[in-house]
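Subject: Structure for you to look at

Hello,

Please find the structure below, with its sequence. My notes on what was found follow it.

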Amino acid sequence: MTIRVGIIANPVSARDIRRVISHAAGLTLGERANMLLRILQALAACKVDEVLLMPEMEGLRLHLERQLPAAALESRYPLPRLRWLDMVVRTQTQDSVLAAQMMREEGVAALLVLGGDGTHRAVVKGCRDIPIAGISTGTNNAFPPMREVTVTAWAVGLYAAKRVPKECALQPNKLLHIRPFDAQGRAKPEDVALIDAAVLNEAILGAKAISQTDTLRTIISTRASIEAVGLSAIAAALQPVDPFEEGGLLVELAPAYGSREPSEKTFTIQAVLSPGMVEDIEIASFRRFAAGEDYRVGGLACLIALDGEREIALREDEYALISLQESAFYTLDVPAILQYVCAQKISKD
């Protein structure tokens, strides 16, 4: 039986406006290629036979293939076969969605994802029941953990080789469903968010990444870590929400009216919204948000940002419903996998 793993590496993550205005460094193509080489060497140690990759137009493939012969000589184990998917890429979010769908159809055991929250969101839309393991290479990284790629890839390889039972290896994750409707109440295409959905008092999509918070109205977050960067950091400053506990948090922000004096009913917090940027945020209220509850957005022309990027525009006569789903998709529990394998090895010895 062929042991097969998929890799979706976003070659342009961490290059949006938030990085430019905050003086934060991005990853070069050379470093991304080096990360892929370390991943392949870790998968080789688990005897993974084949790796499927999403093609790209930025030169990542060229960097990788130049270094493969030397890496193959250095590796203690034969490197997996590489196969680039036969698909047309347009450097759009849909590329990652389609690649995840194709890899699922090809029978990959798991998906390794290199990117930020937006990349992981796109992959989740396409992978369905295939578990993913996130590697942080984006601007805002509330979803993928910060971990050496070799460790993550080793855990993925062990799972793909069926050395760890599913009940030990898999973690269920929450997500938000966003269901927009037109003026006649007809459903429009749905979308999802892994970390947060934010309502902005804006009418034009423009640049996708949110670099300013003046127009923020509402945030619904599935998780909220005080160490995170992005809109979920606002929720975390109010009430941290563990990724694997039930429910999320709904935050209503006070409207920004220029020099208006703060109301006695509001209060101000600080949060890190992008690298190098700590902002003051005026809060009107917040509460827990339960699974199955519908939050209605409507009445005013607005935008809905998903995991920090503007995605949905609503006119005054349109509306959307936002709800939270528990156990919507699965990620690989890297520490649990490695602990299980080490414990098995010790018990046998």
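Cys 168 is partly exposed, because its relative accessibility is 22% (buried means under 20% relative accessible area, exposed over 50%, partly exposed in between, with a 1.4 Å probe and protein chains only). Its sulfur is 11 Å from the closest cysteine sulfur, that of Cys 342, which is too far for a bond. Cys 127, in contrast, is buried at a relative accessible area of 1%. The sulfur of Cys 127 has its closest cysteine sulfur in Cys 168, 20 Å away, again too far for a bond. A search of the whole structure finds zero disulfides, a disulfide being a pair of cysteine sulfur atoms within 2.5 Å.

Before going on, note that this is a predicted model, in which local features need pLDDT of at least 70 and side-chain atom pairs count only at pLDDT 80 or more, while totals for chains, interfaces and linings use all residues. Residues are numbered from 1 along each chain as its sequence is written, and side-chain values use heavy atoms, with hydrogens and water left out.

The chain as a whole:

The protein chain has nine helices and 16 strands; these are DSSP runs numbered from the N terminus, helices being H or I with at least four residues and strands E with at least two. Its C-alpha atoms fill a box of roughly 65 × 45 × 40 Å along the principal axes. The radius of gyration is 21 Å, which agrees with the value near 20 Å for a compact globule of 349 residues (taken over C-alpha atoms; the globule rule is 2.2 Å times the number of residues to the power 0.38). Of the 349 residues, 53% are buried. Among contacts with a separation of 6 or more, 70% join residues 24 or more positions apart, where contact means heavy atoms within 4.5 Å.

The cores:

The largest nonpolar core holds 41 residues, and Ile 39 and Leu 112 have the most contacts inside it. Such a core is a set of buried Ala, Val, Leu, Ile, Met, Phe, Trp, Tyr and Cys residues joined through side-chain atoms within 4.5 Å. Elements giving two or more residues to this core include strand 1, helix 2 (29-45), helix 3 (60-74) and helix 9 (334-348). Helix 2 gives the most, with nine residues. A second, separate core of 25 residues includes Ile 8, Met 54, Ile 130 and Ile 132.

Leu 112 touches, among others, Val 5, Ile 39, Leu 43, Ile 135 and Val 156, leaving out residues up to four places away in sequence.

Leu 64 lies in helix 3 and is buried, at 0% relative accessibility. With the same sequence neighbours left out, Leu 64 touches residues including Leu 36, Leu 40, Leu 53 and Trp 84. Its C-alpha atom is separated by 8.7 Å from that of Arg 32, 32 residues apart along the chain.

Helix 4 and strand 6:

Helix 4 (residues 93-105) has 13 residues and an expected span of 18 Å at 1.5 Å a residue; its end C-alpha atoms are 19 Å apart, which agrees (the expected span is 1.5 Å times one less than the number of residues). Its buried residues, including Val 97 and Met 103, pack against strand 1 (4-9), strand 2 (50-53), strand 4 (111-115) and helix 5 (117-127). Gly 107 follows helix 4 and has a positive phi, near 85 degrees.

Gln 171 is found in strand 6 (residues 170-181) and is buried, with a relative accessible area of 18%.

Regards
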